[in-house]
Amino acid sequence: MKFIKKNAEFIGHTYFQKKVFDEWRCPNKNCGFSVSEDYICCPHCGQRLKFNRLERKEKDNLNQLILKILEED
């Protein structure tokens with residue numbers, strides 16, 4: 001297990017049943033496993049994770065905008 005926390009890399013959004021989920025990637029260059037914000041560490045390689053809060057606020061605003069667009073369709 002890697003004890004130093006690293007920022008997970010934001011890779012995009014997933015849409016499922018009119019809900020928007022953020023997709024993150026493990027920051028370990030040898031892994032790249034898809035992780036979720038509720039993970040403490042990567043289930044594949046054990047890398048400790050942290051998520052950038054500023055990016056998260058921006059993404060929440062983007063998620064709301066995307067939901068409005070989806071509701072219009």
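This note goes through the fold, the sheet, the one salt bridge, the cysteines and the helix of a predicted model.

1. Basis. The model is predicted, so local features need pLDDT of at least 70 and side-chain atom pairs count only at pLDDT 80 or more, while totals for chains, interfaces and linings use all residues. Residues are numbered from 1 along each chain as its sequence is written, and side-chain values use heavy atoms, with hydrogens and water left out.

2. Overall make-up. The protein chain has one helix and five strands. Read from the N terminus, the order of these elements is β-β-β-β-β-α. Helices (H or I, at least four residues) and strands (E, at least two) are DSSP runs, numbered from the N terminus.

3. Burial and surface. The protein chain has 73 residues, and 23% of them count as buried. Buried here means under 20% relative accessible area, exposed means over 50%, and partly exposed is in between (1.4 Å probe, protein chains only). The accessible surface of the protein chain is about 5700 Å², and 51% of it belongs to carbon and sulfur atoms. These areas come from the Shrake-Rupley method with a 1.4 Å probe; for residues, only the protein chains shown count as cover.

4. Contacts along the chain. A contact means heavy atoms within 4.5 Å. Among contacts between residues at least 6 apart in sequence, 38% join residues at least 24 apart.

5. The sheet. Three strands form an open sheet in the order β2-β3-β4, with antiparallel pairing. β2 and β4 are at the edges; each has a single partner strand, so one side of each lacks a neighbour in the sheet. Two strands pair if DSSP finds at least two bridges between them. Seven bridges join β2 and β3, and two bridges join β3 to β4, a strand of residues 34–35.

6. The hairpin. β2 and β3 form a hairpin with two residues between them. Q17, in the turn, has a positive phi of about 50°.

7. The two faces of β3. The side chains of β3 alternate. V20, D22 and W24 point to one face and are buried. K19, F21, E23 and R25 point to the other face and are not buried.

8. The salt bridge. The count is one salt bridge, taken as a side-chain nitrogen of Lys or Arg within 4 Å of a carboxyl oxygen of Asp or Glu. The side chains of R25 and E9 form it, at 3.6 Å from N to O. R25 is in strand β3 (residues 19–25) and E9 is in strand β2 (residues 9–16), so the pair links distant parts of the chain, 16 residues apart. Side chains of opposite charge can pair when their charged atoms come close. Both ends are partly exposed: R25 has a relative accessible area of 32%, and E9 has 41%.

9. R25 in the sheet. E9 has R25 as its bridge partner in β3. On the β4 side, the bridge partner of R25 is S34.

10. The cysteines. The count of disulfides is zero, where a disulfide is a pair of cysteine sulfur atoms within 2.5 Å. C31 is in no disulfide, and the nearest cysteine sulfur, that of C42, is 3.7 Å away. C42 is likewise in no disulfide. C31 counts as partly exposed at 21% relative accessibility, whereas C42 counts as buried at 2%.

11. A nonpolar patch. L62, L65 and I69 form a nonpolar patch on the surface, with about 260 Å² of accessible area together. Patches are made of residues with over 30% relative accessible area and no salt bridge; like charges are joined within 9 Å, and nonpolar side chains (Val, Leu, Ile, Met, Phe, Trp, Tyr) within 5 Å. L62 belongs to helix α1 (residues 53–72) and is partly exposed, with a relative accessible area of 37%.

12. Helix and β3. L62 and V20 are 42 residues apart in sequence and 9.8 Å apart in space, C-alpha to C-alpha. L70 is also found in helix α1 and counts as partly exposed at 37% relative accessibility. L70 and K19 are 51 residues apart in sequence, with 9.7 Å from C-alpha to C-alpha in space. V20 is among the buried residues of β3, while K19 points to the other face.
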